[in-house]
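Hi everyone, thanks for coming. Please pull the model up on your screens, and we'll walk through it together.

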Amino acid sequence: MNQATTTLAFDTPGRALLEITRRVRDWTQAQGFQEGLLTLFVRHTSASLLIQENADPEVQRDLERFFARLVPDGDPLFRHRDEGPDDMPAHVRGALTATQLSIPLLQGRLALGTWQGIYLWEHRHRAHRREVALHLLGR
């Protein structure tokens, strides 16, 4: 077994789902592995990772609308507001979603389905630079 690691940085536009599939795929393919397992880990508490449909952008907008209803900004329940009314809601959104993903590598390609993309989900309103650590184990 061999392994490879890197950290990719992404500039988010603020609260949104940012598709990162291409950069992750390009790095993975450049390693030359045919089989293995790719693990992705977002190094932040107010952002998350998601595998979701990449064909219809309305899916991402519906997810955002659902989470806005589920975890509204400025909810008086939350006391942690050090960075504004979206601070604690961003942490809750991060807790309810994933901070890491595992994707099999089969025949040199990520085993994503036809309509699946890898997304970095920024939960804060302001733009941020986010880091995603990648670890590929395989041969």
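Let me start with a question: in which loop does Gln-107 lie? Gln-107 sits in the loop between strand E5 (100-106) and strand E6 (109-110). Before going on, some ground rules. This is a predicted model, where local features need pLDDT of at least 70, side-chain atom pairs count only at pLDDT 80 or more, and totals for chains, interfaces and linings use all residues. Residues are numbered from 1 along each chain as its sequence is written, and side-chain values use heavy atoms, with hydrogens and water left out. Helices (H or I, at least four residues) and strands (E, at least two) are DSSP runs, numbered from the N terminus.

Back to that loop. Gln-107 has a positive phi of about 50° although it is not a glycine. Its relative accessible area is 72%, so Gln-107 is exposed. Throughout, buried means under 20% relative accessible area, exposed means over 50%, and partly exposed is in between, with a 1.4 Å probe and protein chains only. There is a positive phi at a glycine too: Gly-32, just after H1, has one of about 75°.

That brings us to helix H1, residues 21-30. Thr-21, Val-24, Trp-27 and Thr-28 are its buried residues to look at. These residues are on the same side of H1 because they cover an arc of only 145° around the axis, the arc being that of the directions from the helix axis to the C-beta atoms. Turn to the face pointing away from the buried side, and you'll find the exposed residues Arg-22 and Ala-30. Asp-26 also belongs to H1, and at 44% relative accessibility it counts as partly exposed. Asp-26 and Arg-109 are 83 residues apart in sequence, with their C-alpha atoms 10.0 Å apart in space.

Now for my favourite corner, around Trp-121 in strand E7. Trp-121 counts as buried, at 1% relative accessibility. Its C-alpha is separated by 5.1 Å from that of Ser-48, 73 residues away along the chain. Which side chain does the side chain of Trp-121 meet in a polar contact at 3.2 Å? That partner is Glu-64. A polar contact here is a pair of N or O atoms within 3.5 Å; within protein, one must be able to donate a hydrogen and the other to accept it, and residues adjacent in sequence count only if both atoms are side-chain atoms.

Glu-64 is in helix H2, residues 58-70, and with 17% relative accessibility it counts as buried. The Glu-64 side chain also makes a polar contact with the side chain of Arg-93, at 2.9 Å. Apart from neighbours within four places in sequence, Glu-64 is in contact (heavy atoms within 4.5 Å) with Arg-15, Arg-93 and Trp-121.

Arg-93 is one of the buried residues of H3, and others there include Pro-89, Ala-90 and Val-92. The cover over the buried residues of H3 includes strand E4 (47-53), H2 and strand E7 (116-122). At 51% relative accessibility, Leu-96 of that helix counts as exposed.

Let's move on to charges. Side chains of opposite charge can pair when their charged atoms come close. How many salt bridges does a search of the whole structure find? It finds 13, a salt bridge being a side-chain nitrogen of Lys or Arg within 4 Å of a carboxyl oxygen of Asp or Glu. Arg-43 forms one with Glu-131, the closest N and O atoms being 2.9 Å apart. Arg-43 lies in the loop between strand E3 (36-42) and E4, and Glu-131 in strand E8 (residues 129-138), so this pair links distant parts of the chain, 88 residues apart. Arg-61 and Glu-58 also meet through their side chains, at 3.0 Å from N to O; three residues apart in helix H2, they are separated by about one helical turn.

To finish, look at the salt bridge between the side chains of Arg-124 and Glu-83, at 3.3 Å from N to O. Arg-124 is in the loop between E7 and E8 and Glu-83 in the loop between H2 and H3, so the pair ties together parts 41 residues apart in sequence. Both residues belong to a network of salt bridges with Asp-86, Asp-87 and Arg-126. Asp-86 is buried, with a relative accessible area of 6%, and a polar atom of its side chain lies 2.7 Å from the backbone nitrogen of His-125.
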